[in-house]
Amino acid sequence: MPELPEVETVARDLQRWVAGATIAGAEVRWARTIRHPQPPERFVAEIAGATIRRVDRRAKTVLFHLEDGRVMTVALRMTGALIVAPAGTADDPYARVVFDLADGRQLRYRDVRKFGRIGLWPGGGLRSVGAGRGARSRRVADGTRRYRIGEVFSGHGPEPLSRSFTAERFAERLQRRSAKLKTLLLDQAFVAGVGNIYADEALWRARLHPLRAADTLDPRDVRRLHRAVRQVLREGIANRGASFSDYVDARGQQGDNQERLAVYRRTDQPCYRCGHRIERIVVGQRSTHFCPRCQREPVASVEP
DNA sequence: ACGCCTACCTGCTTGC
DNA sequence: TGCAAGCAGGTAGGCG
């Protein structure tokens, strides 16, 4: 999906363009986009008439704070996009949910692969939006899952761009883990918002091998990684995100950050630092790009 | 905690 | 040209 910088770009655009707008009605064209346990019909009935007070982001989820205190969450996953379409714009065959705004515009949730999810939550208790193993749910009689607010909204790790995300705090978290750096950076419960692109970019910038175990970093490694994570995310935002096939902002425009990436999808091309060929390996079933010269292999334990 | 697997979906690229 | 395989920025849930 769009990662933190892409979601931040979309949320900022939407704050500018739809804060204050009223949702007159909605049409759900792909039912499963509406997050369980919300039946799509109830979602449509409950969102109608709502006014958007503010739009922001937590991790990779866009949050629409409504005037009445409720929150609509939009997790874009792999190919989701939120696009504001002026009145009269041609329909989009990939629009899975269409919100008609009272002023005639449409807010369209477009999602080619249909992985994204939209939820509507009561006010209060909203801290973060469910993240993998951290989020808790329980099975109910019919075998489906029911989420409780405060459990669903409690699974994310720290926001890497927040003031409270210090190198010291990052060091503490890293020291307690023996997992590979690449895997950890992708773990939303460890740090929120980093995805495959920015994980690879941050590791290249910090000159750290993706397979390196977190608890083997020395304090200087940690500081470099901390700085690198924040830098690549901030630069991604400054460039309005990285577009490969699907990511677009709220106007439907591509970002520029794909032009500035050092390793992601640059397999066999020269490293911008040392000229060595960029390599691609698979870590945790995700493609991983790095420079084998700049990002030295972790020391392998040698059998006697 | 960790790693691995499957599932969810469609479209594009690559190789034969 | 046609067709199949492989690939894609994410995450939930199950198993060991």
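Okay, let's start with the second largest pocket, which holds about 230 Å³ of space. Bear in mind throughout that this is a predicted model. That pocket has 13 residues in its lining, and the ones nearest its centre are Arg207, Leu208, Arg212, Arg296 and Glu297. If you sort the lining of the second largest pocket by class, you get 6 charged, 5 nonpolar and 2 polar residues.

Now, closed space. How many cavities of 30 Å³ or more does the structure hold? Just 1. The general idea, for anyone new to this, is that rolling a water-sized probe over the atoms shows where empty space is left. Here the largest cavity comes out at about 60 Å³. Which residues line that cavity? They are Tyr198, Glu201, Arg205, Val232, Glu235, Asn257, Arg260 and Leu261. Two helices, H5 (196-205) and H6 (219-238), each give at least two residues to this lining, and H5 supplies the largest share, with 3 residues. By class, the cavity lining has 4 charged, 3 nonpolar and 1 polar residue.

Next up, the DNA. There are 14 residues around DNA strand B, and the closest are Arg32, Tyr94, Arg113, Lys114 and Arg177. Of the atoms of DNA strand B that come within 4 Å of the protein, 59% belong to sugar and phosphate. Let me go through some of the phosphate contacts. Tyr94 has a side-chain N or O atom 2.3 Å from a phosphate oxygen of DNA strand B. For Lys114, a polar side-chain atom sits 2.6 Å from a phosphate oxygen of that strand. And Arg32 has a side-chain N or O atom 2.9 Å from a phosphate oxygen of DNA strand B. As for the classes, the surface near DNA strand B has 6 charged, 5 nonpolar and 3 polar residues.

Last topic, one of the sheets. We have 4 strands making an open sheet, ordered E2-E3-E4-E8, with antiparallel pairing. Which strands sit at the edges? Those are E2 (52-58) and E8 (117-121), and each of them pairs on one side only. On average, neighbouring strands in this sheet are turned by 20° against each other, ignoring direction. As a reminder, strands of a sheet pair through backbone hydrogen bonds, either parallel or antiparallel.

Let's zoom in on one of those pairings. E4, covering residues 71-75, is joined to E8 by 5 bridges, and the two run antiparallel. If you want a spot to look at on screen, find Val74: the residue opposite it is Ile118 in E8.

That's my tour, thanks everyone.

How values were computed:
Residues are numbered from 1 along each chain as its sequence is written. Chains are lettered from A and ligands numbered from 1 in the order in which they are written. This is a predicted model: local features need pLDDT of at least 70, side-chain atom pairs count only at pLDDT 80 or more; totals for chains, interfaces and linings use all residues. Side-chain values use heavy atoms; hydrogens and water are left out. On a 1 Å grid over the protein atoms alone, a cavity is a set of points where a 1.4 Å probe fits but cannot get out, and a pocket is an open set with protein on both sides within 12 Å along at least five of seven lines; lining residues have an atom within 4 Å of a point. Grid points are joined across faces, edges and corners, and a volume is the space filled by probe spheres set on the points. Ala, Val, Leu, Ile, Met, Phe, Trp, Tyr, Cys and Pro count as nonpolar, Asp, Glu, Lys and Arg as charged, and the others, Gly among them, as polar. A residue is near a molecule or strand if one of its heavy atoms lies within 4 Å of it. A polar contact is a pair of N or O atoms within 3.5 Å; within protein, one must be able to donate a hydrogen and the other to accept it, and residues adjacent in sequence count only if both atoms are side-chain atoms. Two strands pair if DSSP finds at least two bridges between them. Axes are lines fitted to C-alpha atoms, for helices over the stretch in contact, and angles run from 0 to 180 degrees between N-to-C directions.
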